[in-house]
Each structure stands twice: as C-alpha cells, then as structure tokens.
Amino acid sequence: NNLIAGNYIGVDRIGTKAVANTYHGIFLDFDNQSNIIGTNGDGINDTAERNIIASNSLNGITLSTDELGDDGNTPDNNRISGNTISTNEVNGILDQGNNTIIDSNYITANVVDGIQFGPYADNASVFANLIGELSDGTAAGNGDDGINIRKRNAGHIIGGSDDQANVIKNNAVGIRVESDLS
C-alpha cells in the first residue's frame, strides 16, 4: 500500500535531461499489493502527483512476478495513473501482475512496447491513455507495439466508453494479442 508520486525517475529535476537508472525506473516485485504509481485521481493536486519516468536502461515500470508466475506470487491490484512514461530502453510498462489499472498516462517513444503484459498477467483495465503521441500531437510511437498482450493472459479490458478510450497511434502495431501456442 505505497504511493509513488511526484518523482522524476531517469531524468533531471526539470524532466528534460536523461539521467538513466541502470535497470528499471520503478520495480515492484511479487507480492506487492495495492500500490499507486502516480496520481490517486481524487482531483486534488493530480498534476503534481504524476511521475516522469524516462530514459531508464530497462523498463520504465515493472510489476514482476516470481520466476514461474503460476504459483500466485504476483503483484496484484496496483494502479499506474497520470504519469509520463517515455524513452525507456525496453518497455514503458511491463505488467506481470493481476487486476492492474493503467489509466491517464502518456506512454511514448519506448524502444520496444508501450505496455506489455507478460505471461500470467490477468484482468488489467487500460483506459484513457495516450500511447504513441505527445500531448501536443507530435508523433512519438513506441518501437514495436502500443499494447502487447502476451500468451497466457486473460480478462483484460482495453478502453471502454468515449471517456475511457485510449488513443493509440504511431506504433508498429497498435494492440497485439499473441496466441498461446504452448
């Protein structure tokens, strides 16, 4: 039950110069439950609560499972909201947990995917994100997919009504859903 808010992670205090972390910007390992990364969405000081997470050597944010992921040791019920997640060397977000809410983020120009759901991640809600474009309309696609739902995943909700729609553009693939061939 932690709140990670108002930080500059992988960049200087102004948010314009890369000062990369060697691995991930934020890393929650298995059994981390009910954390908020970014704004709590209460309408009070939400802009100041956002994190700028950029230029990290691996993922901007990683919610990591144990080695196998199939024994219930996953980071569950976490929320990633209102952040700028950009120019990380792998994914913007790698989610291997369950019941994650990912909303109202700018996710741009990451080398691989904007959001990747690793094996065994289930029941995420992804809405109101701008993926692959800056707030001023400048194209800033992620290198591969805007959203990549890997095999052995189920129950994700991507978007919804008009106010919950994601804007996903300028990526190699907007949303990729991989089949489970194993």
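This section describes the overall fold, the nonpolar core and selected residues of a predicted protein model.

The predicted model contains one helix and 18 strands. For a chain of 182 residues, a compact globule would be expected to have a radius of gyration near 16 Å, and the value of 15 Å computed for the protein agrees with this expectation. Along the principal axes, the C-alpha atoms occupy a box of roughly 45 × 35 × 35 Å. Of the 182 residues, 45% are buried. Contacts between residues at least 6 apart in sequence were also examined, and 68% of these join residues at least 24 apart. The accessible surface amounts to about 8,500 Å², and carbon and sulfur atoms account for 47% of that area. With respect to charge, the protein carries 9 positive and 24 negative side chains, and a distance of 7 Å separates the centres of the two sets.

In soluble globular proteins, nonpolar side chains tend to be buried together. In the present model, the largest nonpolar core comprises 20 residues, of which Ile61, Ile80, Ile93, Ile115 and Phe117 touch the most other members. Two or more residues of this core are contributed by each of the strands β3 (26-28), β6 (61-63), β12 (115-117) and β15 (145-149).

The surroundings of Phe117 were examined further. Beyond its neighbours within four places in sequence, Phe117 is in contact with residues including Ile102, Ala124, Val126, Ile147, Ile149 and Ile158. The contacts of Phe117 also include Asp95, Asn148, Arg150, Asn153 and His156. Val126, one of the contacts of Phe117, belongs to strand β13 (residues 125-127). The relative accessible area of Val126 is 0%, so this residue is classed as buried. When neighbours within four places in sequence are left aside, Val126 is in contact with Ile102, Ile115, Phe117, Ile147, Ile157, Ile158, Gly159 and Asn166. Val126 and Gly82 are 44 residues apart in sequence, and their C-alpha atoms are 12 Å apart in space.

Another set of contacts involves Thr108 and Gly92. Thr108 lies in strand β11, which spans residues 106-108. This threonine is buried, because its relative accessible area of 2% falls under the 20% limit. Not counting residues up to four places away in sequence, Thr108 touches Ile85, Ser86, Thr87, Gly132, Glu133, Leu134, Ala140 and Asn142. Gly92 is located in the loop between β8 (84-86) and β9 (93-95). Despite its position in a loop, Gly92 is buried, with a relative accessible area of 0%. Residues touched by Gly92, with those up to four places away in sequence not counted, are Asn59, Gly60, Ile61, Ile85, Asn110, Asp113 and Gly114. Among them, Ile61 belongs to the largest nonpolar core, and Ile85 is also touched by Thr108. The C-alpha atoms of Gly92 and Thr108, which are 16 residues apart in sequence, lie 7.6 Å from each other.

Backbone conformation was considered at two loop positions. Most residues other than glycine have a negative phi. Asn77, which is not a glycine, nevertheless has a positive phi of about 60 degrees. This asparagine is situated in the loop between β6 and β7 (79-81) and, at 41% relative accessibility, is partly exposed. Ala109 likewise is not a glycine and has a positive phi, of about 55 degrees. The position of Ala109 is in the loop between β11 and β12, and its relative accessible area of 29% places this alanine in the partly exposed class.

The loop between β2 and β3 contains Gly15 and Tyr23. Gly15 is partly exposed, with a relative accessible area of 26%. Along the chain, Gly15 and Ala154 are 139 residues apart, and their C-alpha atoms are separated by 36 Å. Tyr23 has a relative accessibility of 55% and therefore counts as exposed. With neighbours within four places in sequence left aside, Tyr23 is in contact with Asn56, Ser57, Leu58 and Asn59. Asn59 is also touched by Gly92. Tyr23 and Gly60 are 37 residues apart in sequence, with a C-alpha to C-alpha distance of 8.9 Å.

Definitions and conventions:
Residues are numbered from 1 along each chain as its sequence is written. This is a predicted model: local features need pLDDT of at least 70, side-chain atom pairs count only at pLDDT 80 or more; totals for chains, interfaces and linings use all residues. Side-chain values use heavy atoms; hydrogens and water are left out. Helices (H or I, at least four residues) and strands (E, at least two) are DSSP runs, numbered from the N terminus. The radius of gyration is taken over C-alpha atoms; the globule rule is 2.2 Å times the number of residues to the power 0.38. Buried means under 20% relative accessible area, exposed over 50%, partly exposed in between (1.4 Å probe, protein chains only). Contact means heavy atoms within 4.5 Å. Accessible areas come from the Shrake-Rupley method with a 1.4 Å probe; for residues, only the protein chains shown count as cover. Lys and Arg count as positive and Asp and Glu as negative; His and the chain ends are not counted. The place of a charge is taken as NZ of Lys, CZ of Arg, CG of Asp or CD of Glu. A nonpolar core is a set of buried Ala, Val, Leu, Ile, Met, Phe, Trp, Tyr and Cys residues joined through side-chain atoms within 4.5 Å.
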